[in-house]
Amino acid sequence: MNRRGIGAVFCLMAAMFFCTWNLSAAVFMSSITSWDMGLFAAGLEYTGIFLPVMGILSLVIGIGWLIFAEMIEQKEKK
């Protein structure tokens with residue numbers, strides 16, 4: 001796999017972490033009859049910080065890897 005592919009996979013992993021975080025909060029809150037922003041925020045807090053932290057970390061690594069791949073490619077072209 002080339003360098004851009006690895007960066008794209010890390011960005012995809014970040015999206016999956018954020019989707020899983022929101023989906024787990026929605027599943028946790030599924031028995032509630034009325035929804036509002038405050039209740040969903042409480043559900044997000046209940047699911048913990050592991051998924052958003054891993055999402056942010058994966059996104060930073062992915063973007064950094066994409067920038068690194070572009071810099072390497074520019075040096076190889078010269």
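# A tour from Phe-10 to the aromatic pairs

Start by selecting Phe-10, which, leaving aside residues up to four places away in sequence, touches Ser-58, Leu-59, Ile-61 and Gly-62. Keep in mind throughout that the model is predicted. Phe-10 belongs to helix H1, and with a relative accessibility of 24% this residue counts as partly exposed.

Before moving on, add Leu-44 to the selection and draw the distance between the two C-alpha atoms: Phe-10 and Leu-44 stand 23 Å apart in space, with their positions 34 residues apart in sequence.

Leu-44 leads to the next stop, since it can be selected together with Phe-17, Trp-21, Ala-25 and Leu-51 to show the largest nonpolar core, which has five residues. Helix H1 gives the most to this core, contributing three residues. In soluble globular proteins, nonpolar side chains tend to be buried together.

Within that core, centre the view on Leu-51 and display its neighbours: when residues up to four places away in sequence are not counted, Leu-51 touches Phe-17, Thr-20, Trp-21 and Ser-24.

Now turn to the aromatic rings. A pair of such rings is described by the distance of the centres and the angle of the planes. How many aromatic pairs does the count come to? The count comes to two.

For one of them, select Phe-28 and Tyr-46, whose ring centres are 4.1 Å apart and whose planes meet at 15°; because planes under 30 degrees apart count as stacked, this pair is stacked. Phe-28 lies in helix H1, which covers residues 3-28, while Tyr-46 lies in helix H2, residues 37-47, so the pair ties together parts that are 18 residues apart in sequence. A surface display is useful here: Phe-28 is partly exposed, at a relative accessible area of 39%, whereas Tyr-46, at 59%, is exposed.

For the other pair, select Trp-65 and Phe-68, whose rings lie 5.8 Å centre to centre with 55° between the planes, an arrangement that is tilted. Trp-65 and Phe-68 are both in helix H3, residues 50-77, and because they are three residues apart there, about one helical turn separates them. With the surface still displayed, compare the two side chains: Trp-65 counts as partly exposed at 32% relative accessibility, and Phe-68 also counts as partly exposed, at 38%.

Conventions:
Residues numbered from 1 in each chain as written. Predicted model: local features only at pLDDT ≥ 70, side-chain atom pairs only at ≥ 80, totals over all residues. Heavy atoms only, no water. Phe/Tyr/Trp six-rings, centres within 6.5 Å; stacked < 30°, edge-to-face > 60°. Helix = DSSP H or I, 4+ residues; strand = E, 2+ residues; numbered from the N terminus. Buried < 20%, exposed > 50% of the residue type's maximum accessible area, 1.4 Å probe, protein only. Core = buried A, V, L, I, M, F, W, Y, C linked by side-chain atoms within 4.5 Å. Contact = heavy atoms within 4.5 Å.
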